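Please take a moment with the sequence and the three-dimensional view, and keep both at hand while you read. The paragraphs that follow go from place to place along the chain.

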Amino acid sequence: MKMDTIRNFSIIAHIDHGKSTLADRMIQLCNLVTEREFKDQILDNMDIERERGITIKSQTICLPYTAKDGTTYSLNLVDTPGHVDFSYEVSRALASCEGALLIVDAAQGVEAQTLANLYLAMENDLVVIPVINKIDLPSAEPERVSLQIEEDLGLDAELIRRCSAKNGTGVAEILEAIVEHLPPPQGDPAKPLQARIFDATYDSYRGTVISCRIINGSVKPGDQIIFMSTGAVHRVEEVGLFRLKKEPSKYLSAGQVGYILAGIKSVGDAKPGDTITLKDAPCSSPLSGFREVLPVVFSSLYPIAADDYEDLASALEKLQLNDAALSFQKDSSAALGFGFRCGFLGLLHLEVVQERLEREFDISLILTVPSVRYRFMLTDDSELMVDNPAHFPDPSKISLIEEPYIRASILIPERYMGVVMTLCMERRGENTKYHYPTPGRIEFTCELPLAEVIYDFYDRLKSITQGYGSFDYEMLEYRPSDLVKLDILVNGEVVDALSQLVHRSNARARGLGACEQLKEEIPRQLFKIAIQAAIGNNIIARTNVSALRKDVTAKCYGGDITRKRKLLEKQKAGKKRMKTVGNVDIPQSAFLAVLKRD
Ligand code: GDP
Ligand code: MG
């Protein structure tokens, strides 16, 4: 494979600016699919990605492209996610590329995540081609956006390409620009093998599929490879390129992006960032790895059916292979039995993991209220990090509690200034500042406790700004906080899975909210049920579920037998998804309701 005919590139953008759509058009232009095989968002192959219209995992595809100069190039496209929770996927993808297309929506212009992704590209020394997409929209302002790209992002106006990924206008010109302006990969096929793993997925028939970029040397079936971080040795069964499906090839060599199958069963063996070399002719040192991603949001996952515990364990292991940022360890609860304490990058990440467990692995779950990781200074001068309400230390031994803060940067059209300001104040925001990057748009920065953001901040921002607000954040330091443990009691018993760590100023409202939501969700039973919220022994909110008359069908008037039967069936199905606490049945929906605030 001649390296000067290879181009490795990513598409980066703010969410919804059209990465996946542009990837679709490129795949079609390179004749990789027939009309019949084509479906929209072809790289988004998880159900959740299609339904939510977001890309979560990076996908790679190798496009054969015959340029105007008559040469056929191999364009390796790595599609990346756009959401702030998944920027670790973006940076891993970028480390395998020499260039990137930076997509900017012709109507929306530059957004927070456009900038964040551009910085990631610059950190990786990529050549960036700016692309203004959606020029077909009546509200498109390509001139204004060009100016933004030139002035705010400091990119070369000469390089800007304009297109409509929707109808295909300008897409051929982008392929030409890739060939012309992006550099071919460097590296030496004659040197010892050095390949960097940037992703790994699990295939139940073939084991672990490793996605890698060959930096130096080459690899072929039959080779004995070593993972440099662990020393594990495996025999290569197959190598190949990512077309729409995996396409085997004789070898992979320097500059190429492809896959390796080596019968790897153990999920821990193929760590993204690790270097692969040959056992018989090893390279002298590993490539630089990836920045480790740290989880910031924690929640415990419990299977509804206790005998799903083993399945949950193996499902989490499989998910972790595809998702280096997911961490988990055993946890147990008096109310819910055995489960796992998991760490996530953000709330969207948590939701995606939950959905994948339920859909792909068919496990119904109960999640506990998400928490950040707090720092406790104790009276004996020791320090304790706590992300689980169950580990809240004895209050008499606490001398100081600190919580993590973030700096949020929010881009909005000017008219939303007031509502966004109010939202930030409600969430204990401090040091609010703003400026006007372009007329009519405001960039807001504000320091907030991370705990206030992990709930529903992004959703609320989207809804109060009719979808126009964009949000990005960086971690700041830990700051002192007045934190308490809020317990929820059902008929006098603490439901440990519903305990949460909250700021004292939020405790009453949160407790009341939880009581009200539980009241809605817990079905009436034969006795009265008291629901209370407490800090220590101090009850701060209460409500009741009144007792039920024995015959559930009594309230059905007349003799409509089908209706009675339906009601009974519904009751029976609902029971299956219940957890019993003391003598009270609590449905899964009740746990979920408390998790989601208003
Ligand atoms: P991604 O989040 O960056 O992958 O964005 P998608 O490719 O999923 O596109 C987001 C939305 O914008 C979808 O509804 C697309 O149909 C739409 N879209 C993408 N490209 C264009 C375009 O060129 N013109 C118009 N009008 N809509 C587009
Ligand atoms: Mg997408």
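Asn-491 is partly exposed, because its relative accessible area is 31%, a value between the limits of 20% for buried and 50% for exposed. The model in which we find this residue is a predicted one. Asn-491 sits in the loop that leads from strand 27 to strand 28 (493–494), and its phi is near 50 degrees, which is a positive value in a residue other than glycine.

Strand 27, which covers residues 483–490, pairs with strand 29 in the antiparallel sense, and 4 bridges hold this pairing. One of the residues to look for is Leu-483, whose bridge partner in strand 29 is His-503. Strand 29 itself (residues 500–503) is covered on both faces, since Gln-500 and Val-502 on one side are buried, and so are Leu-501 and His-503 on the other.

A second positive phi is found at Asp-362, where the angle is about 60 degrees although the residue is not a glycine. Asp-362 belongs to the loop between helix 8 and strand 20 (365–367), and with a relative accessible area of 65% this residue is exposed.

The helix that comes just before Asp-362 gives a contrasting picture. Helix 8 runs over residues 347–360, and its 14 residues reach 19 Å from the first C-alpha to the last, close to the 20 Å expected at 1.5 Å a residue. Because 10 of those 14 residues are buried, helix 8 is largely enclosed by the rest of the structure. Among the buried residues are Leu-347, Leu-348, Leu-350, Val-352, Val-353 and Leu-357, but also His-349, Gln-354, Glu-355 and Arg-356.

We turn next to a sheet. Strands of a sheet pair through backbone hydrogen bonds, and they may do so in a parallel or an antiparallel way. Here 8 strands form an open sheet with antiparallel pairing, and their order is 11-10-16-7-8-15-12-13. Strand 11 (233–235) and strand 13 (246–249) stand at the edges, and each has a single partner strand, so one side of each is left without a neighbour in the sheet. On average, neighbouring strands of this sheet are turned by 40 degrees against each other, direction ignored. Within the sheet, strand 10 (residues 224–227) and strand 16 (residues 275–278) run antiparallel and are joined by 3 bridges, and Ile-226 has Thr-277 of strand 16 as its bridge partner.

Which residues does the UniProt annotation "binding site" cover? According to that unreviewed entry, they are Asp-16, His-17, Gly-18, Lys-19, Ser-20 and Thr-21, together with Asn-133, Lys-134, Ile-135 and Asp-136. Gly-18 lies in the loop between strand 1 (6–13) and helix 1 (19–29), and this glycine is buried, with a relative accessible area of 12%. If we leave aside its neighbours within four places in sequence, Gly-18 is in contact with Asn-133 and Ala-165.

Lys-134, by comparison, is found in the loop between strand 5 (127–133) and helix 5 (142–151), and is partly exposed, with a relative accessible area of 23%. Beyond its neighbours within four places in sequence, the contacts of Lys-134 include Asp-16 and His-17, as well as Ala-106, Ala-140, Cys-163 and Ser-164. Asp-105 is also in contact with Lys-134, and the side chains of these two residues make a polar contact of 3.1 Å.

Methods
Residues numbered from 1 in each chain as written. Chains lettered and ligands numbered in written order. Predicted model: local features only at pLDDT ≥ 70, side-chain atom pairs only at ≥ 80, totals over all residues. Heavy atoms only, no water. Helix = DSSP H or I, 4+ residues; strand = E, 2+ residues; numbered from the N terminus. Expected span 1.5 Å × (residues − 1). Buried < 20%, exposed > 50% of the residue type's maximum accessible area, 1.4 Å probe, protein only. UniProt positions renumbered as here; feature names shortened; annotations may be inferred. Contact = heavy atoms within 4.5 Å. Polar contact = N/O pair within 3.5 Å; in protein donor to acceptor, adjacent residues only side chain to side chain. Pairing = 2+ DSSP bridges. Axes fitted to C-alpha atoms, helices over the stretch in contact; angles between N-to-C directions.
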